[in-house]
Amino acid sequence: MAENLWKIRQKKGMTVSQLAAKSGVPARLINEYEAGQRAIRSMDLAKIAQALYVDEADIKLLSDPIPPSAVEPPPRPA
């Protein structure tokens with residue numbers, strides 16, 4: 001069953017920036033996809049799925065918005 005992009009990304013332990021770097025899809029677009037503001041374009045879906053090591057069918061094309069409890073806290077300064 002397909003899951004929200006943000007949920008898969010979090011399960012894989014990746015940040016949006018890391019997924020953007022690995023997939024070649026801009027972080028701005030990934031944020032929009034994860035927020036459910038737009039459906040994932042087919043050309044981006046292939047890149048994202050490959051970067052996450054999942055099948056394209058595992059990712060919902062239109063994610064449900066990230067609930068506040070699932071939002072990543074900002075990184076702590078070193």
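These are my notebook entries on the helices of one protein chain and how they pack.

**Entry 1. Overall fold**

I worked throughout with a predicted model. I first looked up the secondary structure and found four helices and zero strands in the protein chain. Along the sequence I recorded the pattern α-α-α-α. I then turned to the contacts between residues at least 6 apart in sequence, and noted that 57% of them join residues at least 24 apart.

**Entry 2. Burial and surface**

I asked what share of the 78 residues in the protein chain is buried. The value I entered is 35%. For the surface, I noted about 5000 Å² exposed by the protein chain, with 57% of that area supplied by carbon and sulfur atoms.

**Entry 3. Helix α3**

I next examined helix α3, which spans residues 27-34. Which of its residues are buried? I listed L29, I30, E32, Y33 and E34. Two glutamates, E32 and E34, are therefore on the buried list, as each falls under the 20% cut-off in relative accessible area. I also looked up what covers these buried residues, and the cover includes α1 (5-11), α2 and α4. Just after α3, I found G36 with a positive phi of about 75°.

**Entry 4. α2 against α3**

I reminded myself that a pair of packed helices is described by the angle between the axes and the distance between them. For α2 and α3, I recorded axes that come within 9 Å and cross at roughly 120°. That angle makes α2 oblique to α3. I noted the crossing of these two helices as right-handed. On the α2 side of the contact I listed V16, L19, A20 and S23; on the α3 side these meet A27, I30, N31 and E34. By class, I counted five nonpolar, two polar and one charged among the residues of this contact. I noted that I30 and E34 of α3, both entered above as buried, also belong to this contact with α2.

An α-helix has 3.6 residues a turn, so residues three or four places apart point the same way. I kept that in mind when reading the contact lists.

**Entry 5. α2 against α4**

I then looked up the pairing of α2 (residues 16-23) with α4 (residues 42-52). Their axes lie 9 Å apart, and the packing angle is about 110°. I therefore entered α2 as roughly perpendicular to α4. The crossing of α2 past α4 is right-handed. In this contact, L19, K22 and S23 of α2 meet K47, I48, A51 and L52 of α4. I recorded the composition as four nonpolar residues, one polar and two charged. I noted that L19 and S23 of α2 contact α4 and are also listed in the contact with α3.

**Entry 6. Two residues at α4**

I checked D44, which is found in helix α4. Is D44 buried or exposed? I entered D44 as buried, because its relative accessibility is 2%. Leaving aside residues up to four places away in sequence, I found that D44 touches V25, L29 and Y33. Of these, L29 and Y33 appear among the buried residues of α3.

I last looked at Y53, in the segment after α4. Y53 has a positive phi of about 60°, although it is not a glycine. With a relative accessible area of 65%, Y53 is exposed.

Conventions: Residues are numbered from 1 along each chain as its sequence is written. This is a predicted model: local features need pLDDT of at least 70, side-chain atom pairs count only at pLDDT 80 or more; totals for chains, interfaces and linings use all residues. Side-chain values use heavy atoms; hydrogens and water are left out. Axes are lines fitted to C-alpha atoms, for helices over the stretch in contact, and angles run from 0 to 180 degrees between N-to-C directions. Angles under 35 degrees count as roughly parallel, over 145 as roughly antiparallel, 65 to 115 as roughly perpendicular and the rest as oblique. A crossing is left-handed if the near helix is turned anticlockwise from the far one by less than a right angle, and right-handed if clockwise. Contact means heavy atoms within 4.5 Å. Ala, Val, Leu, Ile, Met, Phe, Trp, Tyr, Cys and Pro count as nonpolar, Asp, Glu, Lys and Arg as charged, and the others, Gly among them, as polar. Buried means under 20% relative accessible area, exposed over 50%, partly exposed in between (1.4 Å probe, protein chains only). Accessible areas come from the Shrake-Rupley method with a 1.4 Å probe; for residues, only the protein chains shown count as cover.
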